[in-house]
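Opening the notebook on a new chain today. I want to go through burial, fold and a few residues picked for a closer look.

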Amino acid sequence: MIRRNVMFGHVAVGVAAVAVAASAVPAGASTGHGRLRPVVERLTGPGGSPGALAQVDGRHGRHVATSGVADIRTGAPVDPRSCFRIGSLTKPFTATVVLQLVGEGWIELDAPVERYLPGVVRGADNDGREITVRQLLQHTSGLPDVLDYLSPLDILNDPLRHWDARELVDIALPHPREFTPGKGWGYSNTNYLLAGMIIEKVTGHSYGHEIKRRVIVPLGLHDTFVPTDAPGIPGPHPRGYVRPESDLVDITRLNPTVAGAAGGMISSASDLDRFLAALLRGRLLKPPQLREMLHARPTGRASGSEYGLGLQWLPAGDRPGCPHGFWGHDGDMLGFSVRTGATVDGRQATVMVNLNPGGGPSLDEAMDDALPTALCGPAR
């Protein structure tokens, strides 16, 4: 949820020792995947993150590589079984639940938000009577992004504070919309805070309860949590860092309600790969709803990406392993930056670093290259 383009200075952490102990590798995994070692070493090189993890799952098994440290105080290496905050990778989970409710007849994709949240979307020229549920999930609503008006420094000053979704939405809505609903594309975390509120209104349960009941439990995602107000990260995990000025600041303990249904979840590389594989194979959505999710529109970004309903399609350029691109999502949260993707032929990959924001251009460039390299191979 936390954007990487928030400037928090430049980090110079030069830890690039690949550290994977055989005893710590998940069952059935290999540390010998040569393509992953340069990926994680680059992520922890000059100007990089304290620690990094990359994992690929597919027909030929699981390959994991880690680099650097999970804790700058103790020097402990990154555990390949690590859990971490996944930021906006929460959005595919939220979108999946909304689309399940569409398939069950509880929600209509093209109904106005006003039907489910009467009177909530008001302010400036924002109006829930003019915005549909589909436009929330596809970021075509034009609603201003709460993160344009909520500084990371405000969160750092009181990291354990509870935030209500309505409170966060109300920070954004007094500001003018970015474009007329349906007439553009613009990434906005406000959209998914509202989607979480719709889930709660329709089901009578929190969005986290529904994600657990409908996704986490059926798939056996034992490392995946919607932690509500709990500030810790269960299981083995790296510390999460930001760099507001010249020194790294530990932001591991954080109340994730500041991100909510737009970015509050915790997971692991293994669980994220399993979730995305199950989603694309039709285990979570009926065929009509999966088609809706994968019906993507151009974002206008230089990458050539397109956005569906909670999933992004990315071209892989001239990488031989992904001639048709891949599906996935980014996840940025204070302390962590994560990328997950999957090909239609059954490969999944996840990359994680434990610094965000504060890495500067070199880490941003390395992260942009890390997932397609891990999943599809190096560019020719």
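Before anything else I need a cut-off: a residue is called buried when its relative accessible area is under 20%, and exposed when that value is over 50%. The model I have here is a predicted one.

**Entry: Ile-86**

I looked up Ile-86 and got a relative accessibility of 0%, so Ile-86 counts as buried. I found Ile-86 in the loop between β4 (83–85) and α2 (90–103). What is Ile-86 in contact with, leaving aside its neighbours within four places in sequence? My list reads Phe-93, Met-265, Ile-266, Ser-267, Leu-272, Gly-331, Asp-332 and Val-338. I also checked Ile-86 against Pro-288: they sit 202 residues apart in sequence, with 28 Å between their C-alpha atoms.

While there I noted Cys-83, which is buried with a relative accessible area of 2%.

**Entry: Gln-289**

Next I went to Gln-289, which belongs to helix α11 (residues 287–293). Buried or exposed, I wondered about Gln-289? The relative accessible area is 11%, so I put Gln-289 down as buried. Setting aside neighbours within four places in sequence, I get contacts from Gln-289 to Leu-99, Val-102 and Gly-103. For a long-range check I took Asp-158: 131 residues separate it from Gln-289 in sequence, and the C-alpha to C-alpha distance is 40 Å.

**Entry: Ala-259**

Ala-259 turned up in the loop between β8 (249–250) and α9 (260–263). With a relative accessible area of 0%, Ala-259 is buried. I paired Ala-259 with Leu-168, 91 residues away along the chain, and their C-alpha atoms are separated by 8.8 Å.

**Entry: the disulfide**

How many disulfides does the chain come to? I count 1 disulfide. The partners are Cys-322 and Cys-376, and I read 1.9 Å between their sulfur atoms. The pair joins distant parts of the chain, 54 residues apart: Cys-322 is in the loop between β12 (312–314) and β13 (326–333), and Cys-376 is in helix α12 (residues 360–376). Why do I call this disulfide left-handed? The torsion about the S-S bond of Cys-322 and Cys-376 is about -85°, so left-handed it is. Both ends are out of sight: Cys-322 is buried at 2% relative accessible area, and Cys-376 counts as buried at 2% relative accessibility.

**Entry: the whole chain**

Zooming out, I have 12 helices and 15 strands in the chain. The radius of gyration is 19 Å, close to the 21 Å that the globule rule gives for 380 residues, so I note the chain as being as compact as a globular protein of that length. Along the principal axes, the C-alpha atoms fill a box of roughly 55 × 45 × 35 Å.

Buried residues account for 59% of the 380 residues. I also pulled the contacts with a separation of 6 or more, and 71% of them come from residues 24 or more positions apart.

**Entry: surface and charge**

The accessible surface comes to about 14,300 Å², and I assign 53% of that to carbon and sulfur atoms. For charge, I tallied 37 positive and 38 negative side chains. The centres of those two sets lie 6 Å apart.

How values were computed: Residues numbered from 1 in each chain as written. Predicted model: local features only at pLDDT ≥ 70, side-chain atom pairs only at ≥ 80, totals over all residues. Heavy atoms only, no water. Disulfide = S-S within 2.5 Å. Helix = DSSP H or I, 4+ residues; strand = E, 2+ residues; numbered from the N terminus. Buried < 20%, exposed > 50% of the residue type's maximum accessible area, 1.4 Å probe, protein only. Rg over C-alpha atoms; globule rule 2.2 N^0.38 Å. Contact = heavy atoms within 4.5 Å. Areas by Shrake-Rupley, 256 points an atom, 1.4 Å probe, with all protein chains shown as cover. Lys, Arg positive; Asp, Glu negative; His and termini not counted. Charge placed at Lys NZ, Arg CZ, Asp CG, Glu CD.
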